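Visitor: Could you take me slowly through a single part of this model, namely the salt bridges, and tell me which residues take part and how exposed they are?

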Amino acid sequence: GLPPAMLRRVAAATGSGIGFTDADGENCLAVHMGANRLLSGEDARSAALAIQRAGLVLAQCEIADEPIREAFR
């Protein structure tokens, strides 16, 4: 149900990540932020009304802290 107006394309490679788990269950994550690094607090503020109306707000922590803080504010 995400409105298409909330999606945007940028001239940057997509972000990606991979997780490694050893035999003891310890894990290590490697993340390339790619286009995710372009998401800002202002982007979250500009979507504030849609975020407030949402039944659920979810953050994937492969973006900077600022837009996450703004979304949950």
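Guide: A residue is called buried when its relative accessible area is under 20%, exposed when the value is over 50%, and partly exposed in between. With that scale in hand, we can turn to this predicted model, in which a search of the whole structure finds four salt bridges. In one of them, the side chains of Glu-42 and Arg-45 meet at 3.3 Å, N to O. Both belong to helix H1, where they lie three residues apart and are therefore separated by about one helical turn. Glu-42 has a relative accessibility of 45%, so this residue counts as partly exposed, and Arg-45, at 37%, is also partly exposed. Another salt bridge joins the side chains of Arg-73 and Glu-70, at 3.1 Å from N to O. Here Arg-73 is exposed, with a relative accessible area of 68%, whereas Glu-70, at 18%, counts as buried. These pairs do not stand apart, for salt bridges that share partners join Glu-42, Arg-45, Glu-70 and Arg-73 into one network.

Helix H1, which spans residues 41-46, also takes part in a salt bridge between the side chains of Asp-43 and Arg-8, at 2.9 Å from N to O. This pair links distant parts of the chain, since Asp-43 sits in the helix while Arg-8 lies in the segment before S1, 35 residues apart. Asp-43 is partly exposed at 23% relative accessibility, and Arg-8 is likewise partly exposed, with a relative accessible area of 48%. As a general point, side chains of opposite charge can pair when their charged atoms come close.

Key:
Residues numbered from 1 in each chain as written. Predicted model: local features only at pLDDT ≥ 70, side-chain atom pairs only at ≥ 80, totals over all residues. Heavy atoms only, no water. Helix = DSSP H or I, 4+ residues; strand = E, 2+ residues; numbered from the N terminus. Buried < 20%, exposed > 50% of the residue type's maximum accessible area, 1.4 Å probe, protein only.
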